[in-house]
Amino acid sequence: MLNQNVFYCGYSVTESGYENVTRICDVYGKRALLIGGEKGLAAGRSKLLQALEGSGIEIVDTVLFGKECTYDTIHKLDEIAKSLSVDMIFGMGG
């Protein structure tokens, strides 16, 4: 089995994250990809967009995650992020 190490530069799990999102994320850039499940996106996408208003941070695309968290899925999402030249990824769901 191939092992991979991933070191995240910033990761937050919180119910009040929307109020701090621009302050925390502004240093990473302005282009973001939003990835999430149906329920997560339905519950939080509009809140995130509202929190980003006026910040200059743009959600350039929203991708529905699906059901399986596999290396194949991760690689596909990675390719999407690279093709869009995003600076950061927002993951939404549980």
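## A walk from helix α3 to strand β3

Aspartate 78 and lysine 82 are four residues apart in helix α3, so about one helical turn separates them. That is a handy place to enter this predicted model, because the side chains of these two residues meet in a salt bridge, with 3.1 Å from N to O, and a salt bridge here needs a Lys or Arg side-chain nitrogen within 4 Å of an Asp or Glu carboxyl oxygen. Side chains of opposite charge can pair when their charged atoms come close. Aspartate 78 is partly exposed, at a relative accessible area of 31%, whereas lysine 82 counts as exposed, at 53%.

Now look at lysine 76 and aspartate 72. They too are four residues apart in helix α3, which means about one helical turn lies between them. Their side chains form a salt bridge with an N to O distance of 3.3 Å. Aspartate 72 is partly exposed, with 46% relative accessible area.

How many salt bridges does a search of the whole structure find? The search finds three. Besides the two pairs just visited, there is a salt bridge between the side chains of aspartate 26 and lysine 30, at 2.4 Å from N to O. Aspartate 26 has a relative accessible area of 37%, so this residue is partly exposed. Lysine 30 is partly exposed as well, at 35% relative accessibility.

Let us return to helix α3, which spans residues 71-84 and includes threonine 73. Is threonine 73 buried or exposed? With a relative accessible area of 17%, threonine 73 is buried, because the cut-off for buried is under 20%. The side chain of threonine 73 makes a polar contact of 3.0 Å with the side chain of threonine 70. Once neighbours within four places in sequence are set aside, threonine 73 is in contact with Phe65 and Glu68.

Our last stop is strand β3, residues 88-92, where the side chains alternate. In a regular strand the side chains alternate between the two faces of the sheet. Here Met88, Phe90 and Met92 point to one face and are buried, while Ile89 and Gly91 point to the other face and are not buried. Strand β3 runs parallel to strand β1, residues 31-36, and five bridges join the two. To find one of these pairings in the model, start at alanine 32, whose bridge partner in β3 is methionine 88. Methionine 88 therefore links both parts of this last view: Met88 is among the buried residues of the strand, and methionine 88 is the bridge partner of alanine 32.

Technical notes. Residues are numbered from 1 along each chain as its sequence is written. This is a predicted model: local features need pLDDT of at least 70, side-chain atom pairs count only at pLDDT 80 or more; totals for chains, interfaces and linings use all residues. Side-chain values use heavy atoms; hydrogens and water are left out. Buried means under 20% relative accessible area, exposed over 50%, partly exposed in between (1.4 Å probe, protein chains only). A polar contact is a pair of N or O atoms within 3.5 Å; within protein, one must be able to donate a hydrogen and the other to accept it, and residues adjacent in sequence count only if both atoms are side-chain atoms. Contact means heavy atoms within 4.5 Å. Two strands pair if DSSP finds at least two bridges between them.
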